[in-house]
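Here is a quick tour for anyone opening this structure for the first time. Keep the 3D view at hand and follow along.

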Amino acid sequence: MKLKKIPAEYQQALPILKKIEQAGHEAYFVGGSVRDVLLNQPIHDVDIATSAFPAEIKQIFFKTIDVGIEHGTVLVLERSGQYEITTFRTESIYQDFRRPEHVEFVRSLKEDLKRRDFTINAFAIREDGEIIDLFDGLKDLDDRILRAVGDPHERFYEDALRMMRGLRFVSQLGFDLEKETFSAIKENHQLLKKISIERINVEFVKLLLGNYRKKGVQTLVESQCFEYCPALAGKKEELLSFAALPEKVIKQESQAWVLLIDQLNLKEADIRPFLKEWKCSNEMIKTVQSVFYGLQIRKEQAFTADLLYQLGETQAILVEELLPFYGKTASLEKVLIDYHRLPIHSLKELAVNGNDLMTYFDKKPGKWLKEQLTSLEKAVIHQQVPNKKEELLQLAEQQVK
């Protein structure tokens with residue numbers, strides 16, 4: 001089978017393949033980008049595999065960086081872009097369920113593709129667009145099946161994260177796990193305890209954001225992999241409740257965490273410890289805490305000026321976008337209009353600052369200063385006083401008296 005049209009991303013990289021082939025080696029487009037091309041989805045990364053060893057690649061191209069040379073990967077820098085080129089390889093026994101003891105560079109494409117995770121990720125494409133399919137991946141694509149390459153038990157023992165990747169693909173693509181592959185995941189799900197939380201986090205978030213989230217989460221539960229995800233052990237019913245939310249795509253990672261946390265019935269005080277277990281960044285934790293707080297109020301009533309001001313435009317929109325998951329109608333336009341009608345949007349926009357107040361009252365800084373600024377800020381937000389320096393100072397004087 002040949003591609004009828006070679007995607008622009010591949011066309012841009014064709015000179016790389018041709019240069020390697022002119023030097024007497026094989027080179028192919030491989031990996032997820034090939035799958036995406038066949039599914040008419042956008043390409044994110046163009047990966048190239050070759051029979052040339054790393055030292056040979058470095059002789060062919062003028063500018064290279066050893067980004068993972070111990071695994072056979074060299075980054076080639078060309079005018080058309082940057083490309084990771086990896087030598088065909090086989091891998092030894094995996095001692096920690098994620099890294100081989102050593103890799104061996106080979107000249108055989110088949111040997112290289114044999115170590116891939118799923119058949120739909122084990123394609124290669126020649127520079128003329130011909131698709132090399134050694135493991136019936138094209139049939140699995142047509143049948144919308146996720147099948148491990150070779151023995152699924154071996155694939156998951158090599159890298160246990162592949163089980164989470166499979167579940168993530170279910171959520172992203174809506175495919176079904178082939179029977180033996182699913183059985184192997186269910187049988188080996190406890191191997192996930194050997195995998196770092198950071199790696200599980202990446203796959204789990206992609207699963208939450210998938211177009212077929214319900215199917216993905218249900219399969220996560222059925223496989224029992226959730227038992228080895230941070231703070232999710234024993235949360236089968238809560239996860240199924242999350243899966244039962246309206247089948248609307250979640251736009252942002254923070255929104256996915258908020259919805260999940262809500263269905264897990266966590267309290268506000270539990271959010272930070274929960275997300276810390278998942279190794280989320282402090283920035284993500286703060287956003288989730290804020291959006292979760294706003295959502296609990298917004299589910300019961302309209303936005304107030306205080307809440308809009310506290311959340312800010314971005315987080316207020318994140319909250320509003322979650323309403324359809326609770327059977328409510330979102331009004332993003334109204335949120336934006338109401339937010340921009342606020343007299344100020346941060347304390348920095350207040351017409352007086354701490355120095356103004358200290359000078360006006362001839363007082364040193366202290367607790368009174370923060371209280372006074374907060375009081376003036378609130379008065380402006382509620383349009384009880386214009387945001388003008390003289391009028392704010394007069395109000396402050398009345399409050400001090």
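## A covered helix

Helix α7 is mostly covered, with 11 of its 13 residues buried. Keep in mind as you look that this is a predicted model. The buried residues in α7 include L161, R162, M163 and M164, and further along the helix G166, L167, R168, F169, V170, S171 and L173 are buried too.

Does the length of α7 add up? What span should 13 residues give at 1.5 Å a residue? The expected figure for α7 (residues 161-173) is 18 Å, and the end C-alpha atoms are 18 Å apart, so the two agree. Right after α7 comes G174, which has a positive phi, near 80 degrees.

## A buried phenylalanine

Now find F118, in the loop between α4 (109-113) and β8. Is F118 buried or exposed? Its relative accessible area is 0%, and buried means under 20%, so F118 counts as buried.

Who surrounds F118? Setting aside neighbours within four places in sequence, F118 is in contact with L146, R147, A148, V149, F156, R162, R165, G166, F169 and T181. Among these, R162, G166 and F169 are also on the list of buried residues in α7. F118 and R147 are 29 residues apart along the chain, yet their C-alpha atoms are separated by 5.4 Å.

## The sheet

Next up is an open sheet of 7 strands, and the pairing is mixed. Going across the sheet, the order is β3-β4-β5-β2-β1-β8-β9. The edges are β3 (64-68) and β9 (131-133), each of which pairs on one side only. From one strand to the next, the twist averages 35 degrees.

Zoom in on β4 (residues 73-78) and β5 (residues 81-87): they pair in the antiparallel sense, over 6 bridges. Which residue of β5 is the bridge partner of V74? That would be I85. Then look for helix α1 (residues 8-22), which lies across β1 (27-30), β2 (47-50), β4, β5 and β8 (123-125). Helix α1 runs at about 150 degrees to β1.

## Charged pairs

The count of salt bridges comes to 25. One of them joins the side chains of E130 and R126, at 3.2 Å from N to O. Both residues are partly exposed: E130 has a relative accessible area of 30%, and R126 comes in at 31%.

Another salt bridge links D306 and K378, at 3.4 Å from N to O. D306 lies in helix α15 (residues 305-321) and K378 in helix α18 (residues 367-381), so this pair ties together parts that are 72 residues apart in sequence. D306 is partly exposed at 27% relative accessibility, and K378 is partly exposed at 44%.

## One more link, and a network

The side chains of D356 and K389 also meet in a salt bridge, 3.4 Å from N to O. What does this pair tie together? D356 belongs to helix α17 (residues 354-361) and K389 to helix α19 (residues 389-400), so the bridge connects parts that are 33 residues apart in sequence. K389 is partly exposed, at 42% relative accessible area.

Finally, look for E154, R155, E158 and R162: salt bridges that share partners join them into one network. You have met R162 already, as a contact of F118 and a buried residue of α7.

Definitions and conventions:
Residues numbered from 1 in each chain as written. Predicted model: local features only at pLDDT ≥ 70, side-chain atom pairs only at ≥ 80, totals over all residues. Heavy atoms only, no water. Pairing = 2+ DSSP bridges. Helix = DSSP H or I, 4+ residues; strand = E, 2+ residues; numbered from the N terminus. Axes fitted to C-alpha atoms, helices over the stretch in contact; angles between N-to-C directions. Contact = heavy atoms within 4.5 Å. Salt bridge = Lys/Arg side-chain N within 4 Å of Asp/Glu carboxyl O. Buried < 20%, exposed > 50% of the residue type's maximum accessible area, 1.4 Å probe, protein only. Expected span 1.5 Å × (residues − 1).
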